[in-house]
Amino acid sequence: MGIGTDRKSIETALSESVILTQVDKVIGWGRKYSFFLYPFITACCGMEFMSVAGPRYDIDRFGAALPRFSPRQADLLIVVGTISHKQAPILTKVYNQMTEPKWVFAYGACVVSGGMYDNYSTVQGIDTILPVDIYVPGCPPRPEMVFEGLMKLQDVVQQERAAKWPRGEAPYKKRSLEKP
Ligand code: SF4
């Protein structure tokens with residue numbers, strides 16, 4: 001089928017076969033549907049995470065089905081359960097070993113704010129030791145809440161500019177865990 005030479009028919013033909021976009025948008029689109037999770041699970045929220053990952057709720061629909069148990073192969077750190085100050089250096093080490101770009105998902109009230117554990121041994125929110133991208137409170141959060149958080153994170157990833165990376169190492173030594 002030939003293309004007419006007038007402007008309108010050229011524009012019509014091109015609109016059916018050519019897509020104009022930005023490199024950042026294409027990369028963001030690919031990244032948001034290909035998360036590789038590193039689940040850092042310490043406590044009871046882990047049971048709810050299992051249901052999120054199971055066949056009933058099926059996290060695979062969001063392109064995030066394959067957990068990686070090596071941080072170097074993961075780009076989404078999902079922190080699930082209560083984080084004590086003893087565990088905090090391990091968590092930040094895992095974060096620092098992940099390759100960039102990488103994102104952090106705070107799963108449940110304990111991770112977001114320390115939850116009911118307002119005491120000396122519990123980290124009062126992992127954003128005191130890591131850069132957190134998405135917060136999903138709840139004790140534990142329902143799978144629907146987790147998926148809403150995951151979709152919001154996908155929106156963030158889609159809009160990100162390459163210039164944002166690298167983020168650098170987690171600053172936990174400079175923040176809440178610094179010794180007096
Ligand atoms: S938020 Fe609730 S369910 Fe989740 S780890 Fe803390 S106490 Fe357990």
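**Exercise 1. Pro 143 and its contacts**

Task: Find which residues Pro 143 is in contact with, leaving aside its neighbours within four places in sequence.

Solution:
- Step 1. Set aside the neighbours within four places in sequence; Pro 143 is then in contact with Glu 48, Ser 51, Val 52 and Tyr 57. The model is a predicted one.
- Step 2. Place the residue: Pro 143 belongs to helix α6.
- Step 3. Take one partner, Ser 51. It stands 92 residues from Pro 143 along the chain, yet the two C-alpha atoms are separated by 7.3 Å.
- Step 4. Is Pro 143 buried or partly exposed? It has 18 C-beta neighbours inside 10 Å, so it counts as partly exposed.

**Exercise 2. Two helices**

Task: Work out how helix α2 and helix α6 pack.

Solution:
- Step 1. Locate the helices: α2 covers residues 23-32 and α6 covers residues 143-159.
- Step 2. Read the geometry. The packing angle is about 155°, and the axes are 7 Å apart.
- Step 3. Apply the cut-off: angles over 145 degrees count as roughly antiparallel. The two helices, α2 and α6, are therefore roughly antiparallel to each other.
- Step 4. Add the handedness: α2 makes a right-handed crossing with α6.
- Step 5. List the residues that meet. From α2 come Gly 28, Trp 29, Arg 31 and Lys 32; from α6 come Gln 154, Val 157, Gln 158 and Gln 159.
- Step 6. Sort them by class: the contact has 2 nonpolar, 4 polar and 2 charged residues.

**Exercise 3. Ile 27**

Task: Describe the setting of Ile 27 in helix α2.

Solution:
- Step 1. Count neighbours. Ile 27 has 16 C-beta neighbours inside 10 Å, so it counts as partly exposed.
- Step 2. Compare sequence with space. Ile 27 and Gln 159 are 132 residues apart in sequence, and their C-alpha atoms are 9.9 Å apart.

**Exercise 4. A lysine in a loop**

Task: Decide whether Lys 102 counts as buried or exposed.

Solution:
- Step 1. Find the residue: Lys 102 sits in the loop between α4 (88-97) and β3 (103-107).
- Step 2. Count: there are 22 C-beta neighbours inside 10 Å, so Lys 102 counts as buried.
- Step 3. Name contacts. Beyond its neighbours within four places in sequence, Lys 102 is in contact with Asp 75 and Leu 77.
- Step 4. Check a distant residue: Trp 165 is 63 residues from Lys 102 in sequence and 9.1 Å from it in space, C-alpha to C-alpha.

**Exercise 5. Backbone exceptions**

Task: Identify which peptide bonds are cis, and which residue has a positive phi although it is not a glycine.

Solution:
- Step 1. Recall the background: most residues other than glycine have a negative phi, and most peptide bonds are trans.
- Step 2. Take the bond from Glu 100 to Pro 101. It is cis, with omega near 0°. Pro 101 lies in the loop between α4 and β3.
- Step 3. Take the bond joining Cys 139 and Pro 140. This bond is cis too, with omega about -10°. Pro 140 is in the loop between β4 (134-136) and α6.
- Step 4. Turn to phi. Asp 58 is not a glycine, yet its phi is positive, about 60°. Asp 58 is found in the loop between α3 (45-53) and β2 (76-80). With 13 C-beta neighbours inside 10 Å, it counts as partly exposed.

**Exercise 6. Around the ligand**

Task: Say which residues lie around the ligand, and how they divide by class.

Solution:
- Step 1. List them: Ala 43, Cys 44, Cys 45, Gly 81, Thr 82, Gly 108, Ala 109, Cys 110, Gly 115, Cys 139 and Pro 140.
- Step 2. Divide the shell: 7 residues are nonpolar, 4 are polar and none is charged.

How values were computed:
Residues are numbered from 1 along each chain as its sequence is written. This is a predicted model: local features need pLDDT of at least 70, side-chain atom pairs count only at pLDDT 80 or more; totals for chains, interfaces and linings use all residues. A residue is near a molecule or strand if its C-beta atom, placed from the backbone, lies within 6 Å of it. Ala, Val, Leu, Ile, Met, Phe, Trp, Tyr, Cys and Pro count as nonpolar, Asp, Glu, Lys and Arg as charged, and the others, Gly among them, as polar. Axes are lines fitted to C-alpha atoms, for helices over the stretch in contact, and angles run from 0 to 180 degrees between N-to-C directions. Helices (H or I, at least four residues) and strands (E, at least two) are DSSP runs, numbered from the N terminus. Angles under 35 degrees count as roughly parallel, over 145 as roughly antiparallel, 65 to 115 as roughly perpendicular and the rest as oblique. A crossing is left-handed if the near helix is turned anticlockwise from the far one by less than a right angle, and right-handed if clockwise. Two residues are in contact if their C-beta atoms, placed from the backbone, lie within 7 Å. A residue is buried if 20 or more other C-beta atoms lie within 10 Å of its own, exposed if 12 or fewer, and partly exposed in between; C-beta atoms are placed from the backbone.
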